[in-house]
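The following exercises are to be worked with the sequence and the structure at hand. Each task is followed by a solution in steps.

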Amino acid sequence: MKTHLKIGIGKLELKNPLMTASGTSGYGDELGNYFDVAALGAVVSKSLTLKPKIGNEPPRVTEVACGMLNSIGLANIGVERFISEKLPKLRKSGATIIANIAAKRAEDYLSLAEMLSDEEDVQGLEINLSCPNVKEGGIEFGSDPKMLGTITRLVRNVFPKTLLVKLTPNVTRISELARAAEGEGADAVTVANTYVGMAIDIYKRAPKIHTVTGGLSGPAIKPLTMAKVYEVTKSVDIPIVASGGIFTWQDVIEYLIAGASAVELGTVLFAKPNVPEELLSGIESYVSSSKLEHISDLIGSLNTGVEKVSAH
Amino acid sequence: MPTNQFLEYASVIKTLEVAPHTFLTEFSSPKISAAVKPGQFVMLSFPGSLDPLLPRAFSVCEVKGDGVVLFYVAVGKGTRLLSKLRNGEEVILNGPLGRGFPELARGEKVWLAVGGSGAAVLPIVITSAIDSGAFPEAFYGARTMKQLMHFDNIQIEFATDDGSAGFHGTVVELLKLKMKKDRPDKIFACGPSPMLASVQREFGEKVRTYISVETPMACGMGLCQGCPVRKKDGTGYYLACKDGPVFDTNEIEVATGAI
């Protein structure tokens, strides 16, 4: 194992900074057809809900320039089947497993965290807060620092292992969300979920996905998320996991320089399911040719030159 | 993990324009060509391209030695780009993916109905049916003669909406007519959703009928959950990429294309 690529996130020591993004790698089993998932820093599961969800009506996906829009509706087999059917397979694969959870009620987050806390193979949790809070008039949990803080605290109290909170970028100040997560004991924040986007079929004068708007991902969003990562680095001390439009190893390095400790791969897996192998070798060559002792030397190493600019 | 799915850099051997905007491209793809079954598909992407970004799904049309042939109508950005690749240029192929048509037994009589890009499955289905000792018959419908194409050594009965070639009417009407005198053991169909819906309605309860559906798809592997196909029993969705793209008509509700 390459010790100079190891990264610490909370209580977890990742083999390297590459993780999968929730919802783009199923439950890890399909990817095993293309590469050894144990070689990843971690596999993050699809968002798990208490009850299985069938998901949204089609069409659920459409391609836009350098990106894709999706509205899957958290289709998943539910936490119980994940534990009974998918976890044993993932354990066999040797992958480091982070379970992603989503709910529409605070108490459901608590139940999910309790159930997964008991599972030895689940080494971390990532909280997805993109659902509307049914009790608060349907406002997204994740868009309000107070609600985000409440859920983080509830989960933190019952889940002693590594806890990540995935932030939405669809807010004015993402750093306020990051601070709320850090304040309630999150070990790391994932920056960020997808951006609300929309595309129209001009001949049918109809939206290209059934729910009208969906989440924009892919290279189109990388500069946007880069700026969010940079903003968050200045407001919290916990590690940042960057997620947004990574397609090449250079993208990974760029996020680390901006301040991320690790990254999540999403849309790229659809085009090239074995891409982690290629990214890892690119990252390794960069680290060794840059004469760095450890990959963590890159984290937040951005040279803005701000100090040199005279203040007026 | 045991696998028969491969990611291959496949170079173009040749491309032929066989009808207006309609192409056959042959790729060198030793692993996929050896593993593919009729009705299975590949996801094709352009190395290093960010626009088009996502891979495109293509049913495999034919296996030629170490190569696979894809059939497509160049209507979008991806297919136009594909049709312009020079010999020797590479794409990434991921496959074979999905569940194809059921295997046929010796002596079984199967009718294959195709329309539009669905004609892609015609050579591989017919060739493999003959290899297994089954008796296949092929029916191919289009709006007009100009859109039809012939495949080497395969006998096809054509149907055109305007009567410019073969039967005057749709391929489903042609099959209905044939059914008055004869009956196959199985019907296979591949084509646009309205055609599949009509196949399901006319034959689904009389003959074991299998249809290959086409839906938007981002990954082709079950990762994205982006290609749901409504289950007939109303309990949710199958995924076209993993559970299909071929379904028994009794399993699914065919979307008719309306959003």
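**Exercise 1.** Which residue stands opposite A:Met68 in E14(A)?

*Solution.* The model is a predicted one, with an ipTM of 0.92 and a pTM of 0.94.
- Step 1. Locate the strands: E6 of chain A covers residues 67-70, and three bridges join this strand to E14(A) in the antiparallel sense.
- Step 2. Read off the partner: A:Met68 faces A:Ser217 in E14(A).
- Step 3. Turn to strand E11 (residues 195-198) of chain A, which is joined to E14(A) by four bridges and also runs antiparallel to it. Here A:Gly197 has A:Gly214 as its bridge partner.
- Step 4. Consider the surroundings of E14(A), residues 213-217: four of its five residues are buried, and the strand is mostly covered.

**Exercise 2.** Determine why helix H4 of chain A is described as largely enclosed by the rest of the structure.

*Solution.*
- Step 1. Count the buried positions, taking a residue as buried if 20 or more other C-beta atoms lie within 10 Å of its own. Seven of the 10 residues in H4(A), residues 174-183, are buried, so the helix is largely enclosed by the rest of the structure.
- Step 2. Name these residues: A:Ile174, A:Ser175, A:Leu177, A:Ala178, A:Ala180, A:Ala181 and A:Glu182.
- Step 3. Identify the cover, which includes helix H3 (145-158), strand E9 (162-167), strand E10 (188-191) and helix H5 (222-233) of chain A.
- Step 4. Inspect the backbone just after H4(A), where A:Gly185 adopts a positive phi of about 100°.

**Exercise 3.** On which side or sides of helix H4 of chain B do its buried residues lie?

*Solution.*
- Step 1. List the buried residues of this helix, residues 171-179: B:Val171, B:Val172, B:Leu174 and B:Leu175.
- Step 2. Examine their directions: they span an arc of only 155° around the axis, which places them on the same side of H4(B).
- Step 3. Recall the geometry: an α-helix has 3.6 residues a turn, so residues three or four places apart point the same way.
- Step 4. Find what the buried residues of H4(B) pack against: strands E7 (109-115), E8 (135-142), E9 (156-160) and E10 (167-168), together with helix H5 (193-203), of chain B.

**Exercise 4.** Trace the barrel of chain B and establish which strand supplies the largest share of the side of domain 1 that touches domain 2.

*Solution.*
- Step 1. Check the confidence: chain B has a mean pLDDT of 94, and 97% of its residues reach 70 or more.
- Step 2. Follow the strands: six of them form a closed barrel in the order E1-E2-E5-E4-E3-E6, paired antiparallel. From one strand to the next the twist averages 45°. Between E1 (residues 6-19) and E6 (residues 90-97) of chain B there are six bridges, and B:Ala10 stands opposite B:Val91.
- Step 3. Divide the chain into domain 1 (6-97) and domain 2 (109-248). Their centres, taken over C-alpha atoms, are 21 Å apart. Domain 1 of chain B brings 22 residues to the contact and domain 2 of chain B brings 19.
- Step 4. Assign the share: E4(B) gives seven residues, the largest contribution to the side of domain 1 of chain B that touches domain 2 of chain B.
- Step 5. Examine E4(B) itself: eight of its nine residues are buried, so the strand is largely enclosed by the rest of the structure. Four bridges pair E4(B) with E3(B), with B:Phe41 opposite B:Ser59. E4(B) and E5(B) form a hairpin with two residues between them, and B:Gly65 in the turn has a positive phi of about 60°.

Methods
Residues numbered from 1 in each chain as written. Chains lettered and ligands numbered in written order. Predicted model: local features only at pLDDT ≥ 70, side-chain atom pairs only at ≥ 80, totals over all residues. Buried ≥ 20, exposed ≤ 12 C-beta atoms within 10 Å, placed from the backbone. Arc of directions from axis to C-beta. Contact = placed C-beta atoms within 7 Å. pLDDT = per-residue confidence, 0-100. Pairing = 2+ DSSP bridges. Axes fitted to C-alpha atoms, helices over the stretch in contact; angles between N-to-C directions. Domains from an automatic or database assignment.
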